[in-house]
Amino acid sequence: MCVVCGCGTGHSHDKTEAPATDSDVQVDATGDLHYGEGQARVSVPGMSQARTIRLEQDILGENDRHAARNRENFTAHGVLALNLVSSPGSGKTTLLCSTLMALRQRRADLPLAVIEGDQQTRHDAERIRETGVPAIQINTGKGCHLDARMITEAYSRLPLHDALHAAGHTHQSFVHSHVDQQPHAHVQTQQHQHSHHAHDGGEPAGMLFIENVGNLVCPALWDLGEAGKVAILSVTEGEDKPLKYPDMFAAARLMILNKIDLLPHLDFDVQRCLDYARQVNPQIQIIQLSARDGTGLDAWLDWLLAGAPAVDRRAARIAELEAELARLKAQVEAPHA
Amino acid sequence: MHEVSLAGGILSAVEAAARRDPFVRVSRLRLEAGTLAGVEIEALRFALEALAPGTLLAGAQIDIEQPPGQAWCLDCAISVPLIERGAGCPQCGGFWLQPTGGTELRILDLQVEDH
């Protein structure tokens, strides 16, 4: 008898403990297990009226699994994928267009691609395509955020992956399973079992910019498989936005303070804004920028070409504290010496 | 507003559970949404109730536990309560806090009926 629910069947309540005797398990393309597709679907007579099924599962688990596969794919191909988040009107698309054109100038052969998320219209993707960079628009309809599955789908339709291989992405013997289920050019050949370098800290082999739906709340929760979230805040918004929308700023690796060319016309306290951002996220990196006049664009490009390095300010803080401790210890020990 | 998507995810998980281990109705759904999880509890409840009719969740009692926010203060080297993101350490007032609790967003269990 099952100790969890008290029924008489030999089923499993935990998919990690799927019993080998279960012949009705169906493994789908995503590796998920589906039980009860066969005979066991028939309810067993004589069972108690009420029983408890323990699930203990993350509500976002399904999305997180897709995100993990996206991340594995991006990392394996050396693609730096960034999730750009902000409120509507922060200047994300203008920033992205300036960024793409500046990147083109610095690295003409660096493969780039963009995924544009909006509730409706193709305006943004069309603006991106005018720069010559391939873009796919995802319209979420009533949805307030992009999710990992949408990214898998959109990425498989972008030419970025093929461009990476055309650019001489090295193929060596290495067991690498492609996560996208889309048939693609090399999948049948052994050549595609290549050593996809992870490009840790180095210059990425390609870049994917994901412009999320303009919304500082919902996209914070959905991991898309990106290397990091970049929160864009413009100086025409309130300086206390990091405190008002802390989940997003806590989740971001970098904050771009945009439209700083407008500062002379505004009562925007930059220092206070930066302090608020560090209050919700002591690790956050900050770049002040104007997409319009190009101020700060070089710092942003340097960061991108360095592979969006996370700065471990916490480790630095620990080192600082340890140094202080050592100094204090030395003081205490000095009189006895 | 993302609570509607979360409610959809919860319903899918319940339906997946019913495929593995058939039942006809959920009488009680128990969730855990920490105070730092970024979820509005009332919005989540509303979304679930709006979604429930005609599904396995129809008429189910929905209990949402809210584990309190907890963080490790790097400067004090102790675990402290964290009321919200951006709040300081109650001991030292600093912000070097790493959330350690209250970020949970999980389905705990289902009480189900077979008839």
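Biologist: Which residues of α4(A) are met by residues of α1(A)?

Modeller: In this predicted model, local features need pLDDT of at least 70, side-chain atom pairs count only at pLDDT 80 or more, and totals for chains, interfaces and linings use all residues. Residues are numbered from 1 along each chain as its sequence is written, chains are lettered from A in the order in which they are written, and side-chain values use heavy atoms, without hydrogens and water. Contact means heavy atoms within 4.5 Å, and on the side of α1(A) the residues include A:H66 and A:F74. Their partners in α4(A) are A:A148, A:R149, A:I151, A:T152 and A:Y155.

Biologist: At what angle do the axes of α1 and α4 of chain A cross?

Modeller: Helices are DSSP runs of H or I with at least four residues; here they are residues 61–76 and residues 148–157. Axes are lines fitted to C-alpha atoms over the stretch in contact, with angles from 0 to 180 degrees between N-to-C directions. The two axes come within 8 Å and cross at roughly 35°.

Biologist: How much area do chain B and chain A bury between them?

Modeller: Buried area is the accessible area (1.4 Å probe) that two parts lose on being put together, summed over both. Of this area, 58% lies on carbon and sulfur atoms. The total is about 3900 Å².

Biologist: Which residue of chain A forms a salt bridge with B:R106?

Modeller: A salt bridge is a side-chain nitrogen of Lys or Arg within 4 Å of a carboxyl oxygen of Asp or Glu. The count between the chains is five. For B:R106, the closest N and O atoms are 3.0 Å apart, and the partner is A:E56.

Terms used
Helix = DSSP H or I, 4+ residues; strand = E, 2+ residues; numbered from the N terminus.
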